[in-house]
Amino acid sequence: MERMIPIHLGNLCRSLGIKICHSEATHIDGTLFIRGDRKIILVSTALPYERRRFTIAHELGHYVLGHQAAFSLDSPEAWTPWEEQAANAFAAELLMPKTALQSIRHQHDTRQLAQIFGVSPLAMQIRLEEFGG
């Protein structure tokens with residue numbers, strides 16, 4: 001597990017042909033742009049490292065799940081509430097896989113688990129609550 005956790009999002013995105021670009025923008029956390037063969041996840045450097053990881057995983061979820069609304073530069077924020085939920089669930093499972101988390105969750109507190117998986121303590125707390133603490 002040590003080699004798989006935390007997941008290396010840069011390698012995963014590269015394997016899917018997605019470029020991660022960083023922006024100093026503060027009005028958005030991140031977004032997915034696709035134009036022709038170019039795929040870009042834009043993420044704000046104003047976010048803490050762990051939040052950037054979740055944002056990248058969330059945007060990757062939109063891509064992998066085939067959500068079409070934001071595949072245009074004209075409407076990057078046109079996701080439905082269901083698509084946002086699905087992208088969040090995808091990101092949570094990608095960054096904090098249930099099987100890996102369950103195998104070590106009783107050996108560490110929430111903050112330690114968050115560090116191991118490269119997520120914020122809040123994201124880890126929410127994930128743990130999904131399957132009973």
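Strand E3 is largely enclosed by the rest of the structure, because six of its seven residues are buried (under 20% relative accessible area with a 1.4 Å probe and protein chains only, as against over 50% for exposed and partly exposed in between). The model is predicted, so that local features need pLDDT of at least 70 and side-chain atom pairs count only at pLDDT 80 or more, whereas totals for chains, interfaces and linings use all residues. Residues are numbered from 1 along each chain as its sequence is written, and side-chain values use heavy atoms, with hydrogens and water left out.

E3 occupies the middle position of an open, three-stranded sheet with the order E1-E3-E2 and mixed pairing. Strands are DSSP runs of E with at least two residues, and helices are runs of H or I with at least four, numbered from the N terminus; two strands pair if DSSP finds at least two bridges between them. The edges of the sheet are formed by strand E1 (18-23) and strand E2 (30-35), each of which pairs on one side only. On average, neighbouring strands of this sheet are turned by 25 degrees against each other, direction ignored, where axes are lines fitted to C-alpha atoms, for helices over the stretch in contact, and angles run from 0 to 180 degrees between N-to-C directions.

The two edge strands meet E3 in opposite senses, E1 being parallel to E3 over six bridges and E2 running antiparallel to E3 (residues 38-44), also with six bridges. Val43 of E3 is the bridge partner of His22 and likewise of Gly30. Arg35 has Arg38 of E3 as its bridge partner. E2 and E3 form a hairpin with two residues between them, and in the turn Gly36 has a positive phi of about 60 degrees.

Helix H2 (residues 49-64) lies across E1, E2 and E3 and runs at about 150 degrees to E3. In total, the protein has six helices and three strands, which follow the pattern α-β-β-β-α-α-α-α-α along the sequence.

For the protein of 133 residues, 44% count as buried. The accessible surface, computed by the Shrake-Rupley method with a 1.4 Å probe, comes to about 7700 Å², of which 53% belongs to carbon and sulfur atoms. Among contacts (heavy atoms within 4.5 Å) with a separation of 6 or more, 47% are between residues 24 or more positions apart.
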